[in-house]
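Welcome! Take a moment to look over the sequence and turn the model around before reading on.

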Amino acid sequence: MKRPGRETVANRGFTLVEVMVGLFLIVLVLGGAYGVVSRAQALQRAARDHYVAIAIAKNRLERAHAFQYESNLMLLSESAVVVNDNGNPDVNGMFQRQTIVNTNYAPGLTEIQVVVKIRNRFTGGFDSSGANKEEMMCLFTKYLAVETP
């Protein structure tokens with residue numbers, strides 16, 4: 001039988017210590033989840049940057065296929081041009097493209113090498129480390145057309 005004016009232990013609720021421990025555990029769980037989500041987002045951004053860098057290099061090599069072999073391949077040579085995601089020159093772009101045309105690779109062969117560096121998001125510069133760049137190379141030769149009589 002209950003006495004009026006007195007509460008039983010079951011009806012009192014949580015103590016301040018229990019609430020603080022519960023909040024601390026919730027903060028730990030949410031902090032860990034934030035760290036995982038933050039790291040996943042950074043990895044996704046890095047993977048996207050490398051994908052775009054490869055696409056820029058491939059597009060540059062595809063452009064070389066449209067040039068005539070004898071005279072126009074040297075026009076592709078460029079040194080440290082800052083480009084945007086589409087490969088167009090842009091001083092605020094996230095990528096730096098360099099195209100090297102080597103006509104002395106071998107007789108009848110021209111080497112075209114495209115190096116795309118990715119801007120470091122923390123320093124704002126272009127690092128030369130292997131982790132922040134993509135390289136592609138292709139050899140070009142003149143096809144000899146057989147004259148038909």
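The paragraphs below go from the overall fold to the core, the surface and some single residues.

Keep in mind that you are looking at a predicted model. The protein chain contains one helix and four strands, and along the sequence these elements come in the order α-β-β-β-β. Of its 149 residues, 21% are buried. The surface exposed by the chain comes to about 11,200 Å², and 59% of that is supplied by carbon and sulfur atoms. If you take the contacts in the chain with a separation of 6 or more, 49% of them are between residues 24 or more positions apart.

Let us step inside. The largest nonpolar core has 16 residues, and the ones that touch the most other members are F95, I112 and V116. Which elements each supply at least two residues of this core? They are helix α1 (16-65), strand β2 (95-106) and strand β3 (109-118). Helix α1 gives the most, with six residues.

Helix α1 is also a good place to start on the surface. V19 is found in this helix, and V19 takes part in a nonpolar surface patch of about 780 Å². Its partners in the patch are F14, L16, M20, L23, I26 and L30. Is V19 buried, partly exposed or exposed? The cut-offs settle it: partly exposed covers the range between 20% and 50% relative accessible area, so V19, with its 38%, counts as partly exposed.

Now compare that with T99, which lies in strand β2. T99 has a relative accessible area of 2%, so it counts as buried, since the limit for buried is under 20%. Leaving aside neighbours within four places in sequence, T99 is in contact with R60, L76, S77, E78, I112, Q113 and V114. With R60 there is a polar contact between the two side chains, at 3.2 Å.

One of the contacts of T99 is E78, and E78 leads us to the salt bridges. The structure holds six of them. E78 pairs with R97, and their closest N and O atoms are 2.4 Å apart. This pair links distant parts of the chain, because E78 sits in strand β1 (residues 78-83) and R97 in strand β2, 19 residues apart. Both E78 and R97 are buried.

Another group to find is the network of salt bridges that links R48, D49, D85 and R121. Within it, D49 forms a salt bridge with R48, where the closest N and O atoms are 3.3 Å apart. D49 also forms one with R121, where the closest N and O atoms are 3.1 Å apart. The pair of R121 and D49 links distant parts of the chain: R121 is in the loop between β3 and β4, D49 is in helix α1, and 72 residues separate them. How do these residues stand in terms of burial, and which of them is buried? D49 is buried, at 5% relative accessible area, while R48 is partly exposed at 34% and R121 is partly exposed at 44%.

Finally, look at N132, in the loop between β3 and β4 (133-141). Its C-alpha atom is separated by 9.0 Å from that of A46, although the two residues are 86 residues apart along the chain. Not counting residues up to four places away in sequence, N132 touches H50, V116, K117, I118 and D127. Here V116 turns up again, one of the core residues that touch the most other members.

Note on methods: Residues numbered from 1 in each chain as written. Predicted model: local features only at pLDDT ≥ 70, side-chain atom pairs only at ≥ 80, totals over all residues. Heavy atoms only, no water. Buried < 20%, exposed > 50% of the residue type's maximum accessible area, 1.4 Å probe, protein only. Contact = heavy atoms within 4.5 Å. Areas by Shrake-Rupley, 256 points an atom, 1.4 Å probe, with all protein chains shown as cover. Core = buried A, V, L, I, M, F, W, Y, C linked by side-chain atoms within 4.5 Å. Patch = residues over 30% accessible without salt bridge, like charges linked within 9 Å, V, L, I, M, F, W, Y side chains within 5 Å. Salt bridge = Lys/Arg side-chain N within 4 Å of Asp/Glu carboxyl O. Polar contact = N/O pair within 3.5 Å; in protein donor to acceptor, adjacent residues only side chain to side chain.
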